[in-house]
Amino acid sequence: MQIDRTNLDNVSVDIHRELIEQSKNGIRVAQYELYKLYSKAMYNICYRLLNNRNVAEDILQDTFIDAFTKLDLFRYESTFGAWLKQIAVNKCLNELNKTKTNFEFIDIENYDFAEENGAINEEELKMSVAKVKEATEQLPEGCRVVFSLYSFEGYDHQEIARILKISESTSKTQYMRAKQLIKEMLIKNNYATR
């Protein structure tokens with residue numbers, strides 16, 4: 001039996017259509033319902049990228065203000081969540097750019113990538129998501145942003161390179177280094193084995 005993906009895609013896009021349409025008409029209850037549905041996920045995105053709870057909360061509020069202000073521009077070409085996530089990520093990157101002129105990436109000149117290739121088996125890392133998030137928070141900023149955009153937000157290295165104005169190879173190496181640092185932190189804290 002073959003599944004008709006067209007219908008499945010329409011289901012995921014239209015799941016909150018009524019709330020979205022009501023929100024477009026300025027109905028506050030509908031806007032609050034959308035906020036309740038998406039605020040936690042958007043906060044997590046903001047926090048992962050900014051690593052500061054207060055700033056993440058501010059950006060979250062700005063994200064929803066922008067979204068409700070520009071809701072007429074939402075054309076159901078993606079899910080509402082994907083559209084909202086794009087606003088949140090852009091706001092986070094703008095915030096990072098405001099506070100820093102350039103991302104500080106860790107030195108990778110002396111890093112032995114040959115040793116790493118194949119050395120990391122993500123399946124071997126028996127750890128909880130919370131421990132990975134904890135370790136991610138401790139990464140240097142540039143590494144953390146690249147790792148979060150790639151691992152959690154689903155951007156590819158070409159997109160990350162364009163967004164952060166870095167080379168694609170820099171994005172890849174920062175991601176690989178982030179994975180290695182996370183593994184080292186988890187091993188150091190006895191959350192994973194070598």
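**Note on an all-helical predicted model**

1. Tyrosine 76 is placed in the loop that runs between α4 and α5. The model under review is a predicted one, and the remarks below should be read accordingly. The phi angle of tyrosine 76 is near 60 degrees, a positive value in a residue other than glycine. Most residues other than glycine have a negative phi. Tyrosine 76 has a relative accessible area of 13%, so this loop residue counts as buried.

2. A second residue invites a similar remark. Asparagine 51 is not a glycine, yet its phi is positive, at about 60 degrees. Asparagine 51 belongs to the loop between α3 and α4. Is asparagine 51 buried or partly exposed? With 25% relative accessibility, asparagine 51 is classed as partly exposed, whereas tyrosine 76 is buried.

3. As to the overall architecture, the protein chain contains ten helices and zero strands. Its pattern along the sequence is accordingly α-α-α-α-α-α-α-α-α-α. The chain has 194 residues, of which 41% are buried. Where contacts join residues at least 6 apart in sequence, 68% of them link residues at least 24 apart. The accessible surface of the chain amounts to about 11,800 Å², and carbon and sulfur atoms account for 47% of that surface.

4. Helix α4 spans residues 53-69, 17 residues in total. From its first C-alpha to its last, α4 reaches 24 Å, close to the 24 Å expected at 1.5 Å a residue. At the N-terminal end of α4, asparagine 52 acts as a cap, with a side-chain oxygen 3.0 Å from the backbone nitrogen of asparagine 54.

5. Which residues of α4 are buried? They are Ala56, Ile59, Leu60, Thr63, Phe64, Ala67 and Phe68. These residues lie on the same side of α4 because they cover an arc of only 165 degrees around the axis. The buried residues of α4 pack against three helices, namely α2 (17-24), α3 (28-50) and α5 (80-99). The other side of α4 carries the exposed residues Asn54, Asp58, Ile65 and Thr69. Asn54 therefore appears twice in the description of this helix: its backbone nitrogen faces the capping oxygen of asparagine 52, and the residue is exposed.

6. Helix α7 (residues 129-137) can be described along similar lines. Its buried residues are Val132, Ala135 and Thr136. They cover an arc of only 105 degrees around the axis, which means that they sit on the same side of α7. The cover over these buried residues includes α8 (141-152) and α10.

7. The cysteines deserve a separate comment. How many disulfides does the structure hold? The number is zero. Cysteine 92 takes part in no disulfide, and the nearest cysteine sulfur, belonging to cysteine 46, is 3.7 Å away. A pair of cysteine sulfur atoms must lie within 2.5 Å to be counted as a disulfide, so the 3.7 Å distance to cysteine 46 does not qualify. Cysteine 92 is buried, its relative accessible area being 0%. Cysteine 143 is likewise buried, at 0% relative accessibility.

8. Histidine 16 is located in the loop between α1 (5-14) and α2. With 18% relative accessibility, histidine 16 counts as buried, the cut-off being under 20%. Apart from neighbours within four places in sequence, histidine 16 makes contact with Leu34, Leu37 and Tyr38.

9. Two buried positions in the last part of the numbering may be considered together. Serine 171 lies in helix α10 (residues 168-188) and is buried, with a relative accessible area of 0%. Which residues does serine 171 contact, leaving aside its neighbours within four places in sequence? The partners are Val146, His157, Ile160 and Ile166. Alanine 161 is part of helix α9 (residues 157-164) and has a relative accessible area of 9%, so alanine 161 is buried. Beyond neighbours within four places in sequence, alanine 161 touches Ile166, Ser167 and Glu168. Ile166 is thus listed as a contact of serine 171 and of alanine 161. Finally, alanine 161 and lysine 172 are separated by eleven residues in sequence and by 9.1 Å in space, C-alpha to C-alpha.

Key: Residues numbered from 1 in each chain as written. Predicted model: local features only at pLDDT ≥ 70, side-chain atom pairs only at ≥ 80, totals over all residues. Heavy atoms only, no water. Helix = DSSP H or I, 4+ residues; strand = E, 2+ residues; numbered from the N terminus. Expected span 1.5 Å × (residues − 1). Buried < 20%, exposed > 50% of the residue type's maximum accessible area, 1.4 Å probe, protein only. Arc of directions from axis to C-beta. Contact = heavy atoms within 4.5 Å. Polar contact = N/O pair within 3.5 Å; in protein donor to acceptor, adjacent residues only side chain to side chain. Areas by Shrake-Rupley, 256 points an atom, 1.4 Å probe, with all protein chains shown as cover.
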